[in-house]
Amino acid sequence: MNDVPADLKFLSSHEWARVESDGTITIGISDHAQDLLGDIVFVELPEVGQSVDAESDAAIVESVKAASDVYSPLSGEVIEVNSLLEDQPEIINSSPYEDGWFYKLNPSDMGEFDNLLSPDDYIDVCED
Amino acid sequence: MGSLNVAIICLLENSELQKMNKTALHNAHINLGAKMVNFSNWEMPISYTSLIEEHHAVRNGAGIFDVSHMSVFDFNGGDQVAFFERIFANDIKKISNYNKAIYGALLNEKGGILDDLIIYHAGDKFRLVSNCSTREQNRQWYEKHAVEFGVEVIERSDMGILAIQGPDAFNKILSIKEMNSQVKNLPSFGCMFDGDKLYARTGYTGEDGLELIVPSRNISQLWDQALSLGCVPIGLGARDTLRLEAGLNLYGNDMTIDNHPYESNLGWTIDMTDQNRQFIGKEALLSIDQTKSQKIVGIILRDKGVLRAGYEINHDRGKGLVLSGSYSPTLQSSIGLARVDQGYLSMARL
């Protein structure tokens with residue numbers, strides 16, 4: 001397992017969330033998830049302004065081998081999506097925790113963040 | 001993520017690993033860092049680095065595949081030509097005595113496809129390669145029908161298969177030290193035995209290249225040499241995108257025992273030229289109205305997304321079902337094979 005950034009929290013279904021300095025949340029999928037999926041060729045992102053619910057599907061990621069729903073770690077309103085993924089979805093493979101982020105949201109309940117898995121707990125989930 | 005754990009990329013459990021078949025190159029795959037998957041109870045590499053990079057390596061250079069999970073059968077004694085005339089829907093007489101390979105279907109009495117396979121004939125020997133998931137079924141089928149022709153069926157589980165494919169493949173093969181120099185004279189679909197080794201100019205990628213069906217004890221050395229000559233190791237993931245781009249069927253996806261050849265794009269392999277030849281399934285095929293059967297067509301997705309097996313499509317005069325769907329690294333679009341009703345036009349909708 002590669003190093004997981006310490007400031008992230010996770011769903012056991014392999015999505016990560018990060019609190020930015022302005023209080024917004026950035027969401028993506030883990031390095032482990034991109035490795036399992038292999039070459040990612042297509043991403044369907046939510047609309048800006050759309051409300052998403054925690055642990056509900058908010059995006060779709062497709063690799064050559066498989067399609068998968070992406071669940072939102074937190075509830076809130078989508079304020080920005082990573083338009084770079086439209087033409088270069090492969091950056092999720094090369095940079096899952098930085099350039100390959102999916103969307104940002106204004107969280108409606110920060111308590112949900114505290115309930116997510118810590119990096120160590122997430123690594124345990126992956127290794128089970 | 002929803003379907004991640006049920007997709008074909010599921011991780012292997014330790015308990016599962018111990019029960020699975022392994023090829024003679026298993027350690028080589030592990031040492032190369034391959035991702036291993038369970039493929040019909042064989043532990044096989046699905047990719048080594050990136051499926052897309054591996055795909056391009058075959059289209060632009062030369063790639064090498066370990067496909068030793070495939071089933072190899074040899075035959076001994078009796079009237080082997082008559083035996084194949086009976087069990088094989090293509091006509092073996094097209095290749096017997098020509099040092100060639102022939103592709104076709106094994107049918108049951110109802111005309112259902114039991115498997116697709118390649119039969120090689122060189123010198124006085126036949127060798128047959130068919131899918132791995134049908135190994136036991138086929139062995140029993142061959143044995144059952146071989147009796148009346150006095151033919152002995154020999155399963156060669158001691159054999160392995162390497163496929164070296166791509167525009168540079170043939171030249172690289174000729175540089176392999178142990179390679180028989182006569183290989184350079186093989187035409188497309190030509191084959192030759194060198195002792196127990198069979199070399200054939202066949203493949204499953206749409207590219208030029210060779211398949212080497214050789215004793216497993218010889219495999220490592222050939223593999224290492226091919227790698228040192230610049231052949232790129234290719235997993236089963238890219239094998240699937242390569243064959244799909246080439247429009248080649250995959251048994252179990254694009255055709256099953258419930259399909260006849262005419263609805264499986266295999267009508268061209270049914271040879272009824274010799275009217276006296278009574279092959280298994282012939283009667284059933286004669287009763288099929290080909291103008292009404294469904295057809296397999298290649299499809300390309302004009303929108304973003306990826307076609308997957310099981311997606312339904314509609315056209316103005318009927319329906320269809322996606323049998324194989326994936327992403328084409330060459331076209332950078334999603335492509336697939338679909339079985340559609342007659343009367344289809346050029347466009348359909350998901």
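A residue is called buried here if 20 or more other C-beta atoms lie within 10 Å of its own, exposed if 12 or fewer, and partly exposed in between. By that rule, 46% of the 350 residues of chain B count as buried in this predicted model.

**Figure 1. Overall view of chain B, in which 9 helices and 17 strands are found.** The C-alpha trace of chain B spans about 60 × 55 × 40 Å along its principal axes. A compact globule with 350 residues would have a radius of gyration near 20 Å, and the value for chain B, 20 Å, agrees with this. When contacts in chain B are taken between residues at least 6 apart in sequence, 69% of them join residues at least 24 apart.

**Figure 2. The side of chain B that touches chain A.** The contact between the two chains takes 19 residues from chain B and 21 residues from chain A. On the side of chain B that touches chain A, α3 (51–60), α8 (236–245) and β16 (318–328) of chain B each supply at least two residues. Sorted by character, the residues on this side of chain B comprise 9 nonpolar, 8 polar and 2 charged.

**Figure 3. The open sheet of 4 strands in chain B, with the order β14-β17-β16-β15.** The pairing within this sheet is antiparallel. The edges are taken by β14 (295–300) and β15 (312–315) of chain B, each of which has a single partner strand, so one side of each is left without a neighbour in the sheet. From one strand to the next, the twist averages 35 degrees. At one of these edges, β15(B) pairs with β16(B) in the antiparallel sense over 4 bridges, and B:Glu312 stands opposite B:Leu321 in β16(B). Helix α8(B) lies across β16 and β17 (333–340) of chain B, and runs at about 130 degrees to β16(B). Both α8 and β16 of chain B also appear in the view of the contact with chain A, where each supplies at least two residues.

**Figure 4. The hairpin of β1(B) and β2(B), with 2 residues between the strands.** Strand β1 (residues 35–39) of chain B runs antiparallel to β2(B), and 5 bridges join the two strands. B:Lys35 has its bridge partner in β2(B), namely B:Ser47. B:Ser40, in this hairpin, takes a positive phi near 50 degrees. Strand β2 (residues 42–47) of chain B is mostly covered, in that 5 of its 6 residues are buried.

**Figure 5. Helix α7 (residues 219–228) of chain B, with its buried and exposed residues.** Within this helix, B:Ile219, B:Leu222, B:Trp223 and B:Ala226 are buried. These residues cover an arc of only 100 degrees around the axis, which puts them on the same side of α7(B). An α-helix has 3.6 residues a turn, so residues three or four places apart point the same way. On the other side of α7(B), by contrast, B:Asp224 and B:Ser228 are exposed. The buried residues of α7(B) pack against several elements of chain B, namely α2 (26–31), β3 (63–66), β9 (159–165), α6 (169–174) and β12 (209–215). Just after the helix, B:Gly230 takes a positive phi of about 100 degrees.

**Figure 6. The loop between α4 (80–87) and β5 (100–107) of chain B, in which B:Asn97 lies.** Most residues other than glycine have a negative phi, and most peptide bonds are trans. B:Asn97 nevertheless has a positive phi of about 80 degrees, although it is not a glycine. B:Asn99, which lies in the loop between α4 and β5 of chain B, likewise has a positive phi, near 55 degrees, and is a residue other than glycine. As for their surroundings, B:Asn97 is exposed, because 11 other C-beta atoms lie within 10 Å, whereas B:Asn99 counts as partly exposed, with 19 C-beta neighbours inside 10 Å.

**Figure 7. B:Leu286 in helix α9 (residues 282–286) of chain B.** B:Leu286 is exposed, because 9 other C-beta atoms lie within 10 Å. From B:Leu286 to B:Lys19 the separation is 267 residues in sequence, and 44 Å in space from C-alpha to C-alpha.

Conventions. Residues are numbered from 1 along each chain as its sequence is written. Chains are lettered from A and ligands numbered from 1 in the order in which they are written. This is a predicted model: local features need pLDDT of at least 70, side-chain atom pairs count only at pLDDT 80 or more; totals for chains, interfaces and linings use all residues. Two residues are in contact if their C-beta atoms, placed from the backbone, lie within 7 Å. Ala, Val, Leu, Ile, Met, Phe, Trp, Tyr, Cys and Pro count as nonpolar, Asp, Glu, Lys and Arg as charged, and the others, Gly among them, as polar. Two strands pair if DSSP finds at least two bridges between them. The radius of gyration is taken over C-alpha atoms; the globule rule is 2.2 Å times the number of residues to the power 0.38. Axes are lines fitted to C-alpha atoms, for helices over the stretch in contact, and angles run from 0 to 180 degrees between N-to-C directions. The arc is that of the directions from the helix axis to the C-beta atoms.
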